[in-house]
Amino acid sequence: MVRLLIVEDEPKTAAYLKKGLTENGFVADLVHDGDQAVAFATAGKYELILLDIMLPHRDGWSVLAHLRSRGDHTPVICLTARDAVDDRVKGLRAGADDYLTKPFAFSELLARIHTVLRRSPQRAPDSIRAGDLEIDMARQRATRGGRRLDLTPKEFLLLSLLARNAGNVLSRTVIAEQVWDMNFDCDTNVVDVHVRRLRSKVDDPFSQKLIRTIRGVGYALDDEE
Ligand code: CA
């Protein structure tokens with residue numbers, strides 16, 4: 001069960017968020033002001049915080065700044081009614097992991113939550129194995145059959161994303177979002193180009209191919225020995 005903290009002072013929105021997230025399998029606590037947000041976030045173990053910006057007592061920026069200054073890196077998605085680029089920049093600089101402008105579709109919120117959770121280092125394992133592929137996340141190194149693969153940082157990210165989801169198909173859109181942070185009109189051609197380069201290093205020198213193309217959809221990494 002993934003535990004979330006919802007910080008929202010507007011009763012209708014708060015109830016709607018809690019209901020929707022509970023229905024989607026999350027355990028969600030709800031608080032209504034900035035002081036409570038700090039108290040709950042400090043005391044509880046949350047995997048993600050949904051943080052409204054305009055709050056009584058202390059606003060979302062202040063809550064976020066407080067958490068980050070204490071070394072708390074719980075992922076935070078900021079929610080705000082103000083649709084300003086400045087706010088978005090401010091939020092991301094202050095240490096928010098993502099930013100959503102109200103009103104938003106619930107499906108959009110769910111997608112963002114899943115993206116942020118997948119990216120969260122707290123949930124990432126130290127190493128990932130798939131077949132004879134081994135990825136050392138701490139040292140940012142990958143080997144196949146004990147042979148070191150010489151990868152660029154983006155290739156490493158791409159390979160670890162595929163390996164973390166071994167056996168599952170990842171769409172180009174999901175890959176673009178995860179590796180390049182392209183949330184909107186993504187140029188998925190970038191994905192194809194990088195997968196081709198990655199294959200030349202990960203698959204071409206070996207007889208068993210790991211990366212599979214699923215035509216019209218995306219890519220998958222096979223995890224069978
Ligand atoms: Ca508010």
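Let me start with Asp52, which is buried, with a relative accessible area of 3%, and please keep in mind throughout that we are looking at a predicted model. Which residues coordinate the calcium ion? Asp52 is one of them, through OD, together with Asp9, also through OD, and Met54, through its O atom, at 2.1 to 2.3 Å. Along the chain, these donors of the calcium ion follow the spacing D-x42-D-x1-M. Asp52 also has a part in a network of salt bridges, in which it is linked with Glu8 and Lys102.

That brings me to the salt bridges, of which the count comes to 14, and I will walk through three pairs.

In the pair of Asp98 and Arg112, the side chains meet at 2.9 Å, N to O. Asp98 belongs to strand β5, residues 98-101, and Arg112 to helix α5, residues 106-119, so this salt bridge ties together parts that are 14 residues apart in sequence. Are these two partners buried or exposed? Asp98 is buried, at a relative accessible area of 4%, and Arg112 counts as buried too, at 7%.

Next come Arg144 and Asp132, whose side chains meet in a salt bridge of 2.9 Å, N to O. Since Arg144 sits in strand β8 and Asp132 in the loop between β6 (127-130) and β7 (133-136), the pair ties together parts that are twelve residues apart in sequence. Here Arg144 is buried, with a relative accessible area of 2%, whereas Asp132 counts as partly exposed, at 33%.

The third pair is Glu155 and Lys201, with a salt bridge of 2.7 Å, N to O, between their side chains. This pair links distant parts of the chain, with Glu155 in helix α6 and Lys201 in helix α8, 46 residues apart. Glu155 is buried, at 3% relative accessible area, while Lys201, at 27%, is partly exposed.

Lys201 leads us to helix α8 itself, residues 189-202. What span should we expect for its 14 residues? At 1.5 Å a residue they should cover 20 Å, and the end C-alpha atoms of α8 are indeed 20 Å apart, so expectation and model agree.

Within α8, the buried residues are Val191, Asp192, His194, Val195, Leu198 and Val202. Because they cover an arc of only 170° around the axis, they lie on the same side of α8. The general background is that an α-helix has 3.6 residues a turn, so residues three or four places apart point the same way. As for what the buried residues of α8 pack against, the partners are strands β8 (141-144), β9 (147-149), β11 (211-214) and β12 (218-221), along with helices α6 (153-164) and α7 (172-180).

Finally, the largest nonpolar core, which has 29 residues, and in which Ile135, Leu159, Leu162, Ile175 and Leu221 have the most contacts. The elements giving two or more residues to this core are β6, β7, α6, α7, α8 and β12. Which element gives the most? That is α6, with six residues.

To finish with one residue of this core, Leu159 touches Leu133, Ile135, Ala142, Leu149, Leu151, Leu198, Val202 and Leu221, if we leave out residues up to four places away in sequence. Two of these partners, Leu198 and Val202, are among the buried residues of α8 that I listed a moment ago.

Technical notes:
Residues numbered from 1 in each chain as written. Predicted model: local features only at pLDDT ≥ 70, side-chain atom pairs only at ≥ 80, totals over all residues. Heavy atoms only, no water. Helix = DSSP H or I, 4+ residues; strand = E, 2+ residues; numbered from the N terminus. Expected span 1.5 Å × (residues − 1). Buried < 20%, exposed > 50% of the residue type's maximum accessible area, 1.4 Å probe, protein only. Arc of directions from axis to C-beta. Contact = heavy atoms within 4.5 Å. Donors = N, O, S within 2.8 Å, 3.2 Å for Na, K, Ca; no water. Salt bridge = Lys/Arg side-chain N within 4 Å of Asp/Glu carboxyl O. Core = buried A, V, L, I, M, F, W, Y, C linked by side-chain atoms within 4.5 Å.
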